[in-house]
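Morning, everyone. I have one structure to walk through today. Please have the sequence and the model open.

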Amino acid sequence: MDLITTTSELAAVCARLAKHPVITVDTEFLRETTYYPLLCVVQMASAEEAVVVDTLAKGIDLKPFFDLMVDEKVLKVFHAARQDIEIVWHQAGIIPHPIFDTQVAAMVLGYGDSIAYDQLVERIMGHRPDKTHRFTDWSRRPLTKEQMHYAVSDVTHLRDVFAALDADLKKRGRSHWVSLEMEILTSPKTYDFHPERAWERLKTRVRKPKELAVLMEVAAWREQEAQSRDVPRGRVLKDDAVGDIATQAPTTLERLANLRSLPKGFDRSKWGADIVAAVQRGLARDPATLPKLEKPRSNSNGAATVELLKVLLRMTSERHAVASKVIATVDDLEQIAADDNAEVAALQGWRRELFGEAALALKHGRVALAIEKGRVVKVDRA
């Protein structure tokens, strides 16, 4: 294995890797104390070599690596690629393409929902890789031999995992399923995140337009503050506090001080006045400019319908050996129960063929579910 610490070394290795149709890629980073992840190490492998890039080496320019990530002649194989892509997007404003995500492929092939890398290696290759250094401090230098071995083994095992999954996908005729998922994963819209949309990440439920307006302003303020200070969102304000502020809408520091979700004395910090200002901006917003709040499902029997759809989903998942999570989410099922034309992934493309049409047929009584010889089966009622 080679440790790359200079721009010239990186350029040379990327030129060699660019001659291969497929390479495997992984990154090691830290983000526990920062908003933006700190890229510490990149490891890559072709069929002929494996290298570790010290991205923190003094004076190193990562441009050759970024150029390789957008080389259309080279397929980049990752496992659970989203965070890796997010790092490249933040550092270089580009998205690796084309890519193959072994976690997504494994879900399509029935290995379970969001299977971990070490579990997938064990399932395919018969042995579990050593994950001792998974949570090591990758920012410390020099890198140890053990860290180097760990980093390299990730991308060398990934070569065999990719080969097995790719062959299975082709055998089952599901390669295009993964290709469609990769289009979404590599879309700039997936990563082009703005503070004004920060409220969408929160699970806090608001019921009134006023509450939504305050939530949007406070969440946007927190996002901007976290970005400018490069600290995690929770270091600025916890999620439950954001929700509490949205519902209580404190317009003075005295009212802010009464919120139990905030630390004692928070109102006297410089952030206290900022939050009150954000609340006031929210209250001043025109309700007509706000997103429409989701109305409660009108179907009085909707919960029972969703439960039946869950059974159908589980049956479909087991029969076709596809992880249920990649076919449909609970939110998808709830929307299908309420609306035949719901704009959800489960009613589009291969998912509709596999599950969506049957879900609509079950909802409207054209098929029923029954148990035969201990297995749930569909029964045509037409």
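Let's start with a contact between two helices. Trp177, Leu180 and Glu181 come from helix 7, and they meet Trp350, Arg351 and Leu354 of helix 17. By type, the residues of this contact split into 4 nonpolar, no polar and 2 charged. Keep in mind that this is a predicted model.

How do the two helices sit? Two packed helices are described by the angle between their axes and the distance between the axes. Here helix 7 covers residues 175–185 and helix 17 covers residues 349–363. Their packing angle is about 125 degrees, and the axes are 9 Å apart. Helix 7 and helix 17 are therefore oblique to each other.

Now one residue from that contact. Arginine 351 belongs to helix 17. Is arginine 351 buried or exposed? Its relative accessibility is 10%, so arginine 351 counts as buried; the cut-off for buried is under 20%. Leaving out residues up to four places away in sequence, arginine 351 touches Glu181, Val326, Ile327, Ala345, Ala346 and Gly356. There is also a sequence-versus-space pair to look at. Arginine 351 and alanine 328 are 23 residues apart in sequence, and 7.9 Å apart in space, C-alpha to C-alpha.

Step back to the whole chain. It has 382 residues, and 47% of them count as buried. The secondary structure comes to 17 helices and 8 strands. Along the principal axes, the C-alpha atoms fill a box of roughly 65 × 60 × 35 Å. Take the contacts between residues at least 6 apart in sequence: 62% of these join residues at least 24 apart.

Next, the cores. The largest nonpolar core has 76 residues. Which of them touch the most other members? Leu10, Met44, Phe65 and Phe355 do. Helix 17 gives the most to this core, with 8 residues. Apart from this core lies another, of 32 residues. Its members include Leu212, Leu215, Val242 and Trp271.

Leucine 10 deserves a closer look. Set aside its neighbours within four places in sequence. Leucine 10 is then in contact with Ile4, Val53, Ile60, Asp61, Leu62, Pro64 and Phe65.

Two more helices, with a length check on each. Helix 14 runs over residues 302–320, which is 19 residues. At 1.5 Å a residue, helix 14 should span 27 Å. Its end C-alpha atoms are 27 Å apart, so the two values agree. Which residues of helix 14 are buried? They are Gly302, Thr305, Val306, Leu309, Leu312, Leu313, Met315, Thr316 and Ser317. And what do the buried residues of helix 14 pack against? Their partners are helix 15, at 324–327, helix 16, at 330–338, and helix 17. Strand 7, at 367–372, and strand 8, at 375–380, are partners too.

Helix 9 gets the same treatment. It takes in residues 209–229, 21 residues in total. The expected span is 30 Å, and the end C-alpha atoms of helix 9 are 30 Å apart, so that agrees. Helix 9 is mostly covered: 15 of its 21 residues are buried.

Last topic: backbone geometry. Most residues other than glycine have a negative phi, and most peptide bonds are trans. This chain has exceptions on both counts.

Positive phi values to begin with. Alanine 321 follows helix 14, and its phi is positive, near 55 degrees. Alanine 321 lies in the loop between helix 14 and helix 15. At 27% relative accessibility, alanine 321 counts as partly exposed. Just after helix 9, aspartate 230 takes a positive phi of about 50 degrees. Serine 114 also has a positive phi, about 50 degrees, although it is not a glycine. The place of serine 114 is the loop between helix 4, at 102–108, and helix 5. Serine 114 counts as partly exposed, because its relative accessibility is 32%.

Then the cis bonds. From histidine 97 to proline 98 the peptide bond is cis, with omega near -10 degrees. Proline 98 sits in the loop between helix 3, at 82–92, and strand 6, at 99–101. The bond from arginine 141 to proline 142 is cis as well, with omega near 5 degrees. Proline 142 is in the loop between helix 5, at 117–125, and helix 6, at 145–172.

That is my tour. Over to you.

Definitions and conventions:
Residues are numbered from 1 along each chain as its sequence is written. This is a predicted model: local features need pLDDT of at least 70, side-chain atom pairs count only at pLDDT 80 or more; totals for chains, interfaces and linings use all residues. Side-chain values use heavy atoms; hydrogens and water are left out. Axes are lines fitted to C-alpha atoms, for helices over the stretch in contact, and angles run from 0 to 180 degrees between N-to-C directions. Helices (H or I, at least four residues) and strands (E, at least two) are DSSP runs, numbered from the N terminus. Angles under 35 degrees count as roughly parallel, over 145 as roughly antiparallel, 65 to 115 as roughly perpendicular and the rest as oblique. Contact means heavy atoms within 4.5 Å. Ala, Val, Leu, Ile, Met, Phe, Trp, Tyr, Cys and Pro count as nonpolar, Asp, Glu, Lys and Arg as charged, and the others, Gly among them, as polar. The expected span of a helix is 1.5 Å times one less than its number of residues. Buried means under 20% relative accessible area, exposed over 50%, partly exposed in between (1.4 Å probe, protein chains only). A nonpolar core is a set of buried Ala, Val, Leu, Ile, Met, Phe, Trp, Tyr and Cys residues joined through side-chain atoms within 4.5 Å.
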